[in-house]
Amino acid sequence: AVEDLLQKRGEVALTPPNRYAENRGSISFAQERGLRAGSSTNNDPEIIRMAMDDGVDLILTDIAGELGELFQQD
């Protein structure tokens with residue numbers, strides 16, 4: 001999937017919806033190749049924290065309003 005984006009000169013690579021933990025290696029793989037990369041439709045605060053710690057460029061979520069404390073922990 002990420003390899004396909006690279007061949008098409010994509011700008012953003014996303015993990016499959018709600019599958020960040022299983023696909024987190026794709027983020028560093030994409031970023032090392034100059035893509036912005038992130039987590040797609042991630043609705044688990046613990047996994048969102050993991051993605052943030054991994055340095056994702058973006059996180060898509062349906063629970064943004066519930067995450068205020070998560071962003072203030074740093």
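**Loops, sheet and helix α4 in a predicted model**

T41 has a relative accessible area of 25% and is therefore partly exposed, a class that lies between buried (under 20% relative accessible area) and exposed (over 50%), as computed with a 1.4 Å probe on protein chains only. This is a predicted model, in which local features need pLDDT of at least 70 and side-chain atom pairs count only at pLDDT 80 or more, whereas totals for chains, interfaces and linings use all residues. Residues are numbered from 1 along each chain as its sequence is written, and side-chain values use heavy atoms, with hydrogens and water left out.

The pLDDT, which is the predictor's confidence in each residue from 0 to 100, has a mean of 83 over the protein chain, and 84% of the residues reach 70 or more. Among the elements, helix α4 (residues 45-54) has the highest mean, 93, and helix α1 (residues 2-7) the lowest, 60; helices (H or I, at least four residues) and strands (E, at least two) are DSSP runs, numbered from the N terminus. Where pLDDT is low, the predicted coordinates should not be read in detail.

T41 is placed in the loop between β2 and α4, and its phi is near 40°, a positive value in a residue other than glycine. S40 lies in the loop between β2 and α4 as well, but S40 counts as buried because its relative accessibility is 9%. Beyond its neighbours within four places in sequence, S40 is in contact (heavy atoms within 4.5 Å) with L14, T15, P16, P17, N18 and L60. Of these partners, N18 belongs to the loop between β1 and α2 (20-23), has a positive phi of about 55° although it is not a glycine, and is partly exposed at 49%. Most residues other than glycine have a negative phi.

The strands form an open sheet of three, in the order β1-β2-β3 and with parallel pairing, where two strands pair if DSSP finds at least two bridges between them. β1 (12-14) and β3 (58-59) stand at the edges with a single partner strand each, so one side of each is left without a neighbour in the sheet. Strand β2 (residues 36-39) pairs with β3 over two bridges, and G38 stands opposite L58 in β3.

At the N-terminal end of α4, D44 acts as a cap, with a side-chain oxygen 2.9 Å from the backbone nitrogen of E46. Within α4, I47, I48, R49 and A51 are buried, and the buried residues of this helix pack against α2, β2, β3 and α5 (68-72). Just after α4, G55 takes a positive phi of about 85°.

How values were computed: A polar contact is a pair of N or O atoms within 3.5 Å; within protein, one must be able to donate a hydrogen and the other to accept it, and residues adjacent in sequence count only if both atoms are side-chain atoms.
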